Amino acid sequence: MYINRSTKIMLSGAIFLYVMAGVFSFLDNAVEAFPFRLSGISYLAHCVLCILALIYLKRDIPNLQARRYLMLTVAALLVWQIVAMVKNVLFPPDFAINRWLWYFYYVPMLLIPSTLLIAALNTGLHNSQRIDPAYYLALLVSGVLAIGVLTNDYHQLAFGFSDGPASFYKGQTYRPLFYVVMVWIFVVFGMTVYVLWRRIRVERNRKYVLVVLAIIMLAGLYLAWRVTNYAVIPWLNDIYDVPQIWEGIVLVALELCIRLGIIKANYNFLEFYTASTISSTLVDGDGTIRYQTSGIIPSTKEQRRQALDESVYLDRDHRLRGRYISGGYAFWTDDLSQLNQLNHELSETQERLKEENNLIKAENEILARRVKADERNKLYDLMARSVNSELDIMEDLIKNTSPDSPDFKEKLSEACIYKAYIKRYCNMMLMGQDSEELSSFELENSIRESMEYIKLRGIDCELARFGDGFYPAESLLLAYSIYERTIVKVDKPDKILVEIAANETGIRLSIRVDGKDSRLTEEDYQDIDQDLIKIGASRYLTSNENTTHLQVNFPRLGLGTAPEKTRMGGEAG
């Protein structure tokens, strides 16, 4: 166990102070010629020793909860010394208040084991971690027992007096509560040793707990001796009383726990940095290097300052990083040589595989183009099959007419109607390949272009659209096909009215054709009814000699959501 020079001086001073306090106490009891009580100086020395221990714990124990309860332990020792000084120096032995001060001895005597237990439970934990609240019951039990001792005058369960409490200075007998207090103190001390044993994870370091156990056993023997009034060492009472013995045992135990690493403290960094093989530096708040390992990679103050904000590369294989700690800064260097070596080997492997990857990439591109071409050809074939009848009709119209024919203009406009349908239908199919849904605006544009050519034949056409939205491409293609089928079925209509109503539930296509011999029947649409049923659409047709009214309702959800029964025929709503 390495102890640096400043620590040796501090420990030597504490031992000297404790010894000199005992000397003054011995002289006060052995020599009656002094005009004042030397034991007062002794008690002051013990108080100073406790205050120095408080400063030491405040400075060097990093764990917040452990530090708090260790300082509470030493504070209880300090209060105990002050109470003892008042009892033994300021007042005569038979003074009544001394009985209450004597009772008060048991408050710190019960508090100290409990606070040590909670401090041991917090040892090794992070400041954000908390122990089980059930352990704080130890403080509650100690408090209850302390109250029992303080109220002994009323029940005398702790101490008995032959002539009543007023004769306490003549001696006392021990009652059951006193023995309960003693047992409780040893039980809590035993729990503390067990907790410290469990906190040490390295087996070879667990033997250090035995040192602390030996000290606690020594305290137990001393207390047993004092209880039985057996004067094993008669002159010891003239040097140290119970509060001073407890002070020495507790402070020595704490110091051993800290020095042996059982309780973590901010010291002995030199031992760590001497044994460590990592590259690390510890710098104080002024930027002065305090500790550094033997394998440190040199760095400048500017590089260290920059490393607090971001990583700094000292060379190709070393990266400097830093972090603020209490009272200074910690810096360490990451060794990237193995990582760089792996990256180099990976680069070589990638170079060897690059040619193969390029070949595979070329093959994949050729395959992708082939698949794309096949898909495109399939689409073209599908479009050709879908408008095959319209292509035949348009080709027949063009072949069987000439500019000299009297019906040239009428047949040309009719051919244009088919041309517009073919163009728009195929365009919507292509758009449907990229998106499953199309805007109702596409259906409106397709019908509007068709109507422009119908007007060339002198037919009055009107188109109205209400609302907008996106709907399955299959539904819009079928709607456009139904529109085309309806207008070509009537030979020479007088007027065509089309209405497109789109909303969030679906889209409705209404077609009205007026004119002589414009009657259409259910047989004209039977071949498309199965397509309507597949997508859940419904069709309504009313027709007479002068008017045909067709209404088709397409649901918003489209394919796969058809109702159980779809109505066909009947009157349009």
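Me: Which residue in strand 14 is the bridge partner of Tyr540?
Reply: The partner of Tyr540 is Gln551. This is a predicted model, in which local features need pLDDT of at least 70 and side-chain atom pairs count only at pLDDT 80 or more, while totals for chains, interfaces and linings use all residues. Residues are numbered from 1 along each chain as its sequence is written, and side-chain values use heavy atoms, with hydrogens and water left out.

Me: What makes strand 13 and strand 14 a pair?
Reply: Helices (H or I, at least four residues) and strands (E, at least two) are DSSP runs, numbered from the N terminus, and two strands count as paired if DSSP finds at least two bridges between them. Strand 13 (residues 538–543) and strand 14 (residues 547–555) are joined by six bridges and run antiparallel, so the requirement of at least two is met. Three residues connect these two strands in a hairpin.

Me: How do you know that strand 11 pairs with strand 9 as well as with strand 12?
Reply: Strand 9 (residues 460–466) and strand 11 (residues 495–502) share seven bridges in the parallel sense, and one pair of partners there is Cys461 with Ile496. On strand 12 (residues 506–514), strand 11 has an antiparallel partner with eight bridges, where Ala501 stands opposite Arg508. Both counts satisfy the rule for pairing, and therefore both are called pairs. Strand 11 and strand 12 also form a hairpin, with three residues between them.

Me: Why is Cys461 called buried?
Reply: Buried means under 20% relative accessible area, exposed means over 50%, and partly exposed lies in between (1.4 Å probe, protein chains only). Cys461 has 7%, and therefore it counts as buried. Cys426, at 17%, is buried because its value also falls below that limit. As for cysteine pairs, the structure holds zero disulfides, a disulfide being a pair of cysteine sulfur atoms within 2.5 Å.

Me: What makes a group of residues here a nonpolar core?
Reply: The members must be buried Ala, Val, Leu, Ile, Met, Phe, Trp, Tyr or Cys residues, joined through side-chain atoms within 4.5 Å. In the largest core, which has 68 residues, Tyr106, Phe159 and Trp246 touch the most other members. Among the elements that give two or more residues to this core are helix 2 (39–60), helix 5 (106–122) and helix 11 (242–259). Apart from it lies another core, of 51 residues, including Cys416, Ile447, Cys461 and Ile507. In soluble globular proteins, nonpolar side chains tend to be buried together.

Me: Why is Val23 called partly exposed?
Reply: Its relative accessibility is 35%, which lies between the two limits, so Val23 counts as partly exposed. Val23 lies in helix 1 (residues 5–30), and Ile15, Val19, Val23, Phe26 and Leu27 form a nonpolar surface patch with about 390 Å² of accessible area together.

Me: How do you know that Lys423 and Glu449 form a salt bridge?
Reply: A salt bridge is a side-chain nitrogen of Lys or Arg within 4 Å of a carboxyl oxygen of Asp or Glu. The N to O distance between Lys423 and Glu449 is 2.6 Å, so the pair meets this limit. Lys423 in helix 16 (residues 408–434) and Glu449 in helix 17 (residues 440–455) are 26 residues apart, so the pair links distant parts of the chain. Lys423, at 43%, is partly exposed, whereas Glu449, at 14%, is buried. This is one of 17 salt bridges in the structure.

Me: What makes Arg556 and Glu437 a salt bridge, and where do these residues lie?
Reply: Their closest N and O atoms are 2.6 Å apart, so they too satisfy the distance rule. Arg556 lies in the segment after strand 14 and Glu437 in strand 8 (residues 437–439), 119 residues apart. With 25% for Arg556 and 28% for Glu437, each is partly exposed.

Me: Why is Gln156 called buried?
Reply: Gln156 has a relative accessible area of 19%, and therefore it is on the buried side of the limit. Gln156 lies in the loop between helix 7 (152–155) and strand 1 (159–160), and its phi is positive, about 50 degrees, although it is not a glycine. Most residues other than glycine have a negative phi.

How values were computed
Patch = residues over 30% accessible without salt bridge, like charges linked within 9 Å, V, L, I, M, F, W, Y side chains within 5 Å. Areas by Shrake-Rupley, 256 points an atom, 1.4 Å probe, with all protein chains shown as cover.
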